[in-house]
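Q: Please take a close look at one buried residue and its surroundings. Please then place the description in the setting of the whole chain, for a reader who is new to protein structures.

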Amino acid sequence: MKRLPIGIQTFSELVDPEENYVYIDKTEVVYSLATAGKYYFLSRPRRFGKSVMLSTLYELFRGNRELFAGLYIEKKWNWDKKHPVIRISFGSGDFTSEEKFDETILDNLESNIRRLELSCKDTAGKPNSCFRELIETAYHKYQQKTVILIDEYDKPILDHITDRETARTNRDRLKGFYSIIKDLDEYIRFVMITGVSRFSKMNLFSGLNNLNDITIDPAYATICGYTHSEVEVFFAEHRAGVDMDKLKGWYNGYNYFAEPIYNPFDILLFLAKGKEYRPYWWSTDNPSFLIDLLKEQPRYLPDLENCVVDDLILDSFDVDHIELVALLWQTGYLTFAEKQQTIDGMEYRLKVPNREIQISLNNLFLQYLTNLGPGLRPAKKGLYQALVQADLEAFRQIMRRLFAAIPYQNYANNIIQNYEGYYASVIYAYLASIGLQLIAEDTSSKGRVDMTLILPDKAYVIEFKVNQPGHALEQIRQRGYHEKYHGEDRVVYLIGISFDSKEKNITDFEWERVEN
């Protein structure tokens with residue numbers, strides 16, 4: 001049985017027959033990338049295989065044919081041309097000051113100088129000058145144009161995203177560094193820049209107006225990550241006994257307008273750790289910056305997880321203007337559900353990609369909204385059973401106990417007074433954190449209801465009100481929000497919930513069962 005390549009980011013090691021790793025051949029799309037253009041940018045969430053892709057390009061342009069034996073690209077590529085390749089990674093290093101920033105870049109450049117057996121006059125504290133000289137001297141020595149591969153280009157900014165002054169300084173220094181590329185076109189064969197975020201080209205890649213952003217280009221959608229069919233074929237030995245539909249629900253769903261993909265890290269850890277369904281990818285990082293941004297930009301959570309955006313929002317991300325929705329998409333906590341052409345451009349509807357993110361993200365939000373931490377867990381099993389059994393009195397009691405337990409005096413009041421939709425957001429996050437199927441702002445021909453909860457044999461249509469007892473259920477009845485579910489093999493329940501802002505709890509909870 002082939003070994004699982006957990007943590008392996010080096011192409012030469014992945015394809016080494018003696019190592020015997022599972023390797024999924026991505027060289028068809030790599031070939032298209034390398035022959036179709038010259039300057040590229042790709043954004044993908046962390047641990048998505050960007051470094052492996054860059055390592056593949058590194059060996060390809062160096063002409064190491066033996067590594068590509070039997071792969072798609074072997075008989076397509078011109079192996080006679082061997083290019084000098086400059087590899088730069090900002091994945092490690094200290095970027096807390098200008099001096100340490102320069103030291104980290106110079107360490108990167110000096111590593112390339114040694115490998116390419118070059119010399120650079122401007123290494124003494126002048127990273128931009130050294131970068132320029134390195135590109136030119138590599139071209140002259142090897143008599144072939146230089147290839148530039150930059151990994152985690154944005155990490156010096158993202159690591160300090162809540163420290164705006166440091167992040168802004170690092171952005172400006174990176175802007176100066178990347179600007180070197182724009183003036184050296186005659187020496188350059190290929191450029192690939194990868195990272196997590198899509199910072200505004202105007203603010204970070206000034207002058208590189210020929211940089212082709214392939215982040216949502218369908219032709220390159222699967223260059224990183226695993227498709228479902230790839231998991232079925234290449235991991236056939238490892239996935240024996242796995243319910244593939246359940247696997248897809250837990251970890252698939254990242255959509256870049258081609259076949260949806262998995263984060264490789266999830267699949268590899270799932271198979272290696274006894275095939276237990278856990279938040280493997282989520283657990284590798286604590287996205288506390290999301291809470292910091294949520295404090296700055298309070299949002300109604302159902303809207304956040306089912307929102308519609310345009311290219312202006314997705315392309316405007318920068319230190320001085322951090323759009324929460326754009327960051328959630330870029331970091332992998334939201335993905336595309338669909339797109340459509342409008343009169344003034346493209347419009348995109350976003351969604352949570354899978355069960356792992358739904359549960360983990362809403363647990364994070366719930367802890368922020370309630371400050372209850374581990375105290376939330378014991379009631380979840382009872383809540384789930386109440387909904388499965390349609391015990392709505394138990395559902396009401398659990399929800400009331402939840403709001404009664406929130407320490408408003410020392411925590412939540414500061415949120416509530418500036419947080420439109422707070423109460424509904426708490427319930428939404430609580431239900432979503434159990435992994436239940438929710439439709440926020442559920443649209444029908446009669447209008448839009450706040451939330452619909454879908455179970456295999458039941459549908460709960462829920463409307464929220466604040467300081468309006470008796471109105472929520474009546475609104476559902478009058479507007480017929482539930483009628484879209486008539487005729488399905490589900491029992492439909494209508495639930496109206498009203499909160500009292502003084503009591504800070506549910507004061508009115510009405511429901512009725514509607515027969516099909």
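A: Of the 516 residues in the chain, 54% are buried; a residue is called buried when its relative accessible area is under 20%, exposed when it is over 50%, and partly exposed in between, with a 1.4 Å probe and protein chains only. The model is predicted, so local features are used at pLDDT of at least 70 and side-chain atom pairs only at pLDDT 80 or more, whereas totals for chains, interfaces and linings use all residues. Residues are numbered from 1 along each chain as its sequence is written, and side-chain values use heavy atoms, without hydrogens and water.

The residue chosen for the close look is F90, which is placed in the loop between β2 (85–89) and α4 (98–115). Helices and strands here are DSSP runs, numbered from the N terminus: H or I over at least four residues for a helix, and E over at least two for a strand. F90 has a relative accessible area of 0% and therefore counts as buried.

Which residues is F90 in contact with, leaving aside its neighbours within four places in sequence? They are F95, I105, I150, D151, E152, Y153, K155, P156, L174, F177 and Y178, where contact means heavy atoms within 4.5 Å. One of these partners, I105, is 15 residues from F90 along the chain, and the C-alpha atoms of F90 and I105 are separated by 8.0 Å.

Another partner of F90 is E152, which lies in the loop between β3 (146–151) and α6 (155–158). E152 counts as partly exposed because its relative accessibility is 27%. Its backbone also deserves attention: the phi of E152 is near 55°, a positive value in a residue other than glycine. Most residues other than glycine have a negative phi. N467 likewise has a positive phi, of about 60°, and is not a glycine. N467 is found in the loop between β13 (458–466) and α21 (472–479), and with a relative accessible area of 43% N467 is partly exposed.

P156, also in contact with F90, leads on to R173. R173 and P156 are 17 residues apart in sequence, and their C-alpha atoms are 9.9 Å apart in space. R173 sits in helix α7 (residues 164–182) and is partly exposed, at 24% relative accessibility. Not counting residues up to four places away in sequence, R173 touches E98, F101 and D102.

Elsewhere in the chain, three further residues may be set beside F90. T452, in strand β12 (residues 447–455), has 0% relative accessibility and so counts as buried. Its contacts, apart from neighbours within four places in sequence, are Q437, L438, I439, D442, Y460, V461 and Y485. Y428 belongs to helix α20 (residues 422–432) and is buried, with a relative accessible area of 5%. Beyond the residues up to four places away in sequence, Y428 touches L301, P302, E305, N362, L438, A440 and M451. P469 gives an example of the opposite kind: at 52% relative accessibility, P469 counts as exposed. P469 is in the loop between β13 and α21, and touches S498 and D508 when residues up to four places away in sequence are not counted.

The setting of the whole chain may now be given. The chain has 21 helices and 15 strands. Among contacts with a separation of 6 or more, 70% join residues 24 or more positions apart. The C-alpha atoms fill a box of roughly 80 × 50 × 45 Å along the principal axes. A compact globule of 516 residues would have a radius of gyration near 24 Å, and the 26 Å of the chain agrees with this; the radius is taken over C-alpha atoms, and the globule rule is 2.2 Å times the number of residues to the power 0.38. The accessible surface of the chain comes to about 22,400 Å², and 44% of it belongs to carbon and sulfur atoms; such areas come from the Shrake-Rupley method with a 1.4 Å probe, and for residues only the protein chains shown count as cover.
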